[in-house]
Amino acid sequence: MRIVPVLSCCLFFFFHSFGAETRHIHLLKILDSENSDYIIREACQNISVDIDKEIKLMQHFLDVYTVHEHEVVGSHFNREELLRKVDYEMSYLEGDIVIVVYVGHGYRSKAKDSAAPMLYLNTYEESIDFLDIQQIILDKRPSVLMSLVLACNKTQTDFNRPPDIIAYNEPIRNVTLKAPAPYGLKEMKYKALFKETPQRTRCIDLFGADKEYLTFISQNGGIFYNEVFQVLHTAFSNDEYISWEDICSDIEASTMAKLQQRGLDSQKPLCRYY
């Protein structure tokens, strides 16, 4: 007498599994959540919550079945834990999407050439080049690698103190849109921007600071962080097609406009697609 409900459940999971994308989303959060500055600690907490919401939207509109979340935070905010995550715990299938979020101190060495900052993981000895983290991920050939890095990127000469990061108070501001977009439009835009590209990993770098610039951060992430999601939400809701190149350009332009309004000329973001 119980065959029907059991069969119904089996059929539900069978069709649900085949209806969802076989791709997966992998989220890696590297957050200096125990920083001595309370503004940075608050930023880490608020950004973590925000990112979780954004990933749920992405999962929904891309019809992705599974999200794998990895954290390097708190007492585990160190080089060994980070390398363990990217080297061993994180594994991908072709077509998977990888999102990396870093919030904390960053710097450059005099010999460093690439635009990616060094990630300061509590000490200079523990620091690691973000480019190396990206390369480890790229070696496993995901479909998309998106990197959001909120850190300074100036050459460090005094190694007796941590690198700079400029914390400041700013009122909490929510991302707003003029009008909600139709469901079908958002789904189409997500799938267009995160489409699979066989034999190639598409990379989106969203760095709060270009070479030799600082990053201003507040409890709600700061100007650059807010502009990233303002532009992304607008792109996902706009009926005109917008490419990643356009999105990166708009994030840089809107961030610079806001920074100039406040007289903050020591920050310049770097956003690029390749």
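Reader: Hi! Which residues is His70 in contact with, leaving aside its neighbours within four places in sequence?
Author: In this predicted model, His70 is in contact with Leu27, Leu28, Lys29, Lys85, Glu89 and Met90, once neighbours within four places in sequence are set aside.

Reader: Thanks! And where does His70 lie?
Author: His70 lies in strand β2, which covers residues 64-73.

Reader: Is His70 buried or exposed?
Author: His70 counts as buried, because its relative accessibility is 10% and the cut-off for buried is under 20%.

Reader: Let me move along a little. Where does Gly74 lie?
Author: Gly74 lies in the loop between β2 and α3. At 18% relative accessibility, Gly74 also counts as buried.

Reader: What does Gly74 touch, not counting residues up to four places away in sequence?
Author: Gly74 touches Leu31, Ser33 and Glu34. Take Leu31 as an example: Gly74 and Leu31 are 43 residues apart in sequence, but their C-alpha atoms are 7.6 Å apart in space.

Reader: How much of the contact in the protein chain comes from residues 24 or more positions apart?
Author: Such pairs account for 80% of the contacts with a separation of 6 or more in the protein chain.

Reader: Okay, helices now. How do the axes of α3 and α4 cross?
Author: The axes of α3 (residues 79-89) and α4 (residues 130-138) cross at roughly 25° and come within 9 Å. That angle makes α3 roughly parallel to α4.

Reader: Which residues meet there?
Author: From α3, Leu82, Leu83, Val86 and Asp87 meet Ile133, Ile136 and Ile137 of α4. By class, this contact has 6 nonpolar residues, 1 charged residue and no polar ones.

Reader: What about the largest nonpolar core, how many residues has it?
Author: The largest nonpolar core has 45 residues, and Leu148, Phe194 and Leu206 have the most contacts inside it. Helix α2 (residues 38-62) gives the largest share of this core, with 9 residues.

Reader: Is there a general reason why nonpolar side chains tend to be buried together, or is it a tendency?
Author: I can offer it as a tendency: in soluble globular proteins, nonpolar side chains tend to be buried together.

Reader: Fair enough! Back to Phe194: what is it in contact with, leaving aside neighbours within four places in sequence?
Author: Phe194 is in contact with Arg23, Met58, Leu62, Ile97, Val144, Met146, Arg202, Phe236 and Trp244. There is also a second, separate core of 26 residues, which includes Val86, Val100, Leu121 and Val149.

Reader: New topic: which residue in the loop between α4 and β7 has a positive phi although it is not a glycine?
Author: That is Arg141, with a positive phi of about 60°. Arg141 is found in the loop between α4 and β7 (144-150), and it is exposed, with a relative accessible area of 58%.

Reader: And what is the phi of Gln199?
Author: Gln199 has a positive phi of about 65°, although it is not a glycine. Gln199 is found in the loop between α5 (183-193) and β9 (202-207), and with a relative accessible area of 70% it is exposed.

Reader: Last one, for the overall picture: how many helices and strands does the protein chain have?
Author: The protein chain has 7 helices and 11 strands. Of its 274 residues, 51% count as buried. The accessible surface comes to about 13,700 Å², and 54% of that belongs to carbon and sulfur atoms.

Methods. Residues are numbered from 1 along each chain as its sequence is written. Side-chain values use heavy atoms; hydrogens and water are left out. Helices (H or I, at least four residues) and strands (E, at least two) are DSSP runs, numbered from the N terminus. Buried means under 20% relative accessible area, exposed over 50%, partly exposed in between (1.4 Å probe, protein chains only). Contact means heavy atoms within 4.5 Å. Accessible areas come from the Shrake-Rupley method with a 1.4 Å probe; for residues, only the protein chains shown count as cover. Axes are lines fitted to C-alpha atoms, for helices over the stretch in contact, and angles run from 0 to 180 degrees between N-to-C directions. Angles under 35 degrees count as roughly parallel, over 145 as roughly antiparallel, 65 to 115 as roughly perpendicular and the rest as oblique. Ala, Val, Leu, Ile, Met, Phe, Trp, Tyr, Cys and Pro count as nonpolar, Asp, Glu, Lys and Arg as charged, and the others, Gly among them, as polar. A nonpolar core is a set of buried Ala, Val, Leu, Ile, Met, Phe, Trp, Tyr and Cys residues joined through side-chain atoms within 4.5 Å.
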